[in-house]
Amino acid sequence: MAAFDVVVLGGGTAGVHVATEVAGGGKTVALVEAGLIGGESAYLACLPSNSLLLSASRGEPWEDAVARRAEVTGGLDDSAAAQRLNRAGVQVIRGTGRITAPGTVEVTRAQGASAAAGGTGSRAAAGGTGSRTTTLTYSDLVIATGCEPVAPPIEGLSDIPAWTTAQSLSSPDLPRRLIVLGGGPAGCELTQMYASFGSQVTLVEAEPRLLPGEPAFAGEILAVALRQAGADIRLGSRATKAERTADGLTLALEDGTRIDAARLLLASGRRPRLGGLGLDVLGLEVTPGMALPTTTRCEVAGTGGRVWAAGDVTGTTHTHASHYQADVVAANILGRHREADYSAIPRCVFTTPSVFAVGAIPGGAEETTGAGEGADGDHGPDADHGPDADHGPDADHGPGNGGRTRRMLRIARAPSAEAASAEAAAAEASPVAQGGTAAQGGGPRLVTARARLGDTARGYLGQDDLGRLELYADAGTGVLAGAVAVGPDAASWMSEITLAIRAKIPVAVLADVVHAFPTYGEALQTALRELAGTGGSAAGADQQEKGTGTLSELDIETPEGDAIEQHQEVIPDEAVASPRREVPFDVNEADAAEQERAVGFDDDDYR
């Protein structure tokens with residue numbers, strides 16, 4: 001038996017970060033992991049997927065893209081990650097853990113694994129050379145075991161050649177014909193990636209549109225882009241039966257359609273990996289597909305304290321959110337009180353064009369987990385979303401086949417008393433805007449503003465009209481509540497919106513921000529000014545009455561509209577009397593000639 005201050009179950013993004021932080025704070029730490037240290041994000045999800053997508057965008061051949069992927073993932077060798085943990089003072093034990101009593105974990109080492117992943121004293125901690133099990137005691141327990149794929153209930157599925165996303169992203173094969181099951185972030189990313197490299201791809205989604213958890217326009221624009229890449233998109237009919245054929249398989253859909261392919265790629269759902277952990281010993285009854293109930297301090301509710309959770313096990317399916325939760329857990333273990341705020345967790349799909357979403361959306365709860373990060377997820381033992389997961393509101397974490405048969409929803413977290421009273425005071429003091437859309441579940445009434453990227457100078461230069469954004473403001477408080485954007489590298493120019501939501505910056509302040517020209521930020525400026533107008537200002541009333549909105553740089557040829565924006569009256573040229581005035585000084589012919597010359601521009605004038 002070995003005693004530790006902290007035992008971490010799961011060595012993915014969240015587990016590794018918690019272990020490193022608390023070890024740095026002076027705690028003795030053991031991390032138990034049977035799979036890849038660092039989680040699948042770096043090896044089988046986020047990084048390999050994005051690597052292949054970038055290679056495809058550069059027009060590289062498949063063989064070169066696979067070679068680059070191998071460089072990025074380090075050949076699926078996690079020894080360097082394990083050594084970094086050892087150097088940080090964390091004892092790594094390769095195996096699985098089960099809670100046998102409050103304060104006690106029994107670890108079964110993985111077959112063929114050494115007693116521990118290096119480090120002085122690891123053999124003693126693992127119970128000697130002859131035993132595959134050992135007992136660890138802890139003061140604090142961290143559960144960060146991630147999520148796992150769920151096979152949809154399709155007749156004959158076990159008899160056909162099928163991949164999980166992790167398997168597809170580690171395979172050197174490029175199928176000639178491929179069916180991708182699931183139109184969430186992972187399915188969309190992998191569809192575009194394989195289609196770009198020449199596969200004949202059919203994407204099947206049981207819902208009537210792609211990205212069902214986000215506003216309709218995002219999925220509609222993405223469907224156009226995927227079809228332009230050569231993919232066939234089948235929406236609104238679920239898969240019912242799969243049959244093996246001489247060339248691979250045939251998949252039957254509910255509407256009678258039959259699709260032939262060499263392989264099926266499952267991107268249709270994941271669930272928290274909680275089986276076999278012995279949670280009942282802690283008084284927790286968790287059924288398959290359920291997430292752990294946690295407080296804003298990331299403490300597991302109902303366990304009596306000192307049991308923490310981070311990552312997919314909490315229902316928060318984003319790698320960056322797992323890292324954030326790990327920070328919260330580490331701070332609380334080290335005695336620094338900290339609470340998590342989920343109001344501005346980004347959700348990304350790294351297609352071309354990309355999709356970025358954050359915060360609340362019309363018809364959704366404020367803490368809805370949405371588009372997700374596509375392949376930018378961590379799916380290993382701390383599988384925080386990614387191509388082997390369908391992330392976000394459209395994530396199916398139970399039996400499913402591209403439809404939302406069961407969502408992995410975040411457990412509702414009550415805000416702290418201070419935050420609740422502050423928000424109530426702000427709502428009471430703020431004027432309520434007219435109109436707006438009420439969110440489900442008694443959420444805020446949202447006011448929506450829209451802008452097209454094609455109306456900006458940057459969009460005009462790129463000749464790319466596949467872009468749009470929507471901003472959602474809380475009508476009661478006058479602050480942004482959420483946003484969704486589709487466009488080139490959307491996450492890079494939407495980050496300011498994440499900050500604005502998290503910091504609760506008033507829309508009136510955001511509308512006064514100057515965005516560089518020519519950038520897609522001008523679209524934000526357009527939408528923000530529209531939102532500021534809907535708050536009841538004279539400008540908004542004037543624009544609504546005359547059917548106009550804020551103008552971009554491309555509208556400089558319409559002085560009447562520009563004057564409306566500035567609340568000025570335009571006087572026709574012929575109505576202006578221009579009496580001649582005497583010049584109060586002498587003008588010779590040389591001066592006149594100098595003034596009539598065309599004026600040139602230097603290299604900096606365009607700025």
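Which residue takes a positive phi in the hairpin of β14 and β15? Keep that one in mind; these are my notes on the model, which is a predicted one.

1. The residue is glycine 256, with a positive phi near 95 degrees. The hairpin has four residues between its two strands. As for the strands themselves, β14 covers residues 248-253 and runs antiparallel to β15, with four bridges joining the two. If you want a landmark for the register, look for alanine 252, which stands opposite arginine 258 in β15.

2. Stay with β15 for a moment, residues 258-261, because its side chains alternate. Ile259 and Ala261 are buried and point to one face. Arg258 and Asp260 point to the other face and are not buried.

3. Now the charged pairs. Searching the whole structure turns up 16 salt bridges. One of them links aspartate 140 to arginine 306, with 2.8 Å between the closest N and O atoms. Aspartate 140 belongs to strand β7 (residues 140-143), while arginine 306 sits in the loop between β17 (270-272) and β18 (307-309), so this contact ties together parts 166 residues apart in sequence. The two ends have their own surroundings: aspartate 140 is buried at 4% relative accessible area, and arginine 306 is partly exposed at 35%.

4. Next, have a look at arginine 271 and glutamate 148, whose side chains meet in a salt bridge at 3.2 Å, N to O. Here strand β17 supplies the arginine and strand β8 (residues 147-149) the glutamate, so parts 123 residues apart in sequence are tied together. Both partners come out as partly exposed: arginine 271 has a relative accessible area of 28%, and glutamate 148 is at 22%.

5. Further along the chain, arginine 450 and glutamate 470 form a salt bridge, their closest N and O atoms being 2.9 Å apart. This one goes from strand β22 (residues 445-452) to strand β23 (residues 468-474), so the parts it ties together are 20 residues apart in sequence. Arginine 450 is partly exposed, with 45% relative accessible area, whereas glutamate 470 is buried at 6%.

6. One last thing to check on screen: Glu148, Arg271 and Arg273 belong to one network, joined by salt bridges that share partners. I'd view these three residues together, then go back to the glycine 256 hairpin from the opening question.

Definitions and conventions: Residues numbered from 1 in each chain as written. Predicted model: local features only at pLDDT ≥ 70, side-chain atom pairs only at ≥ 80, totals over all residues. Heavy atoms only, no water. Salt bridge = Lys/Arg side-chain N within 4 Å of Asp/Glu carboxyl O. Buried < 20%, exposed > 50% of the residue type's maximum accessible area, 1.4 Å probe, protein only. Pairing = 2+ DSSP bridges.
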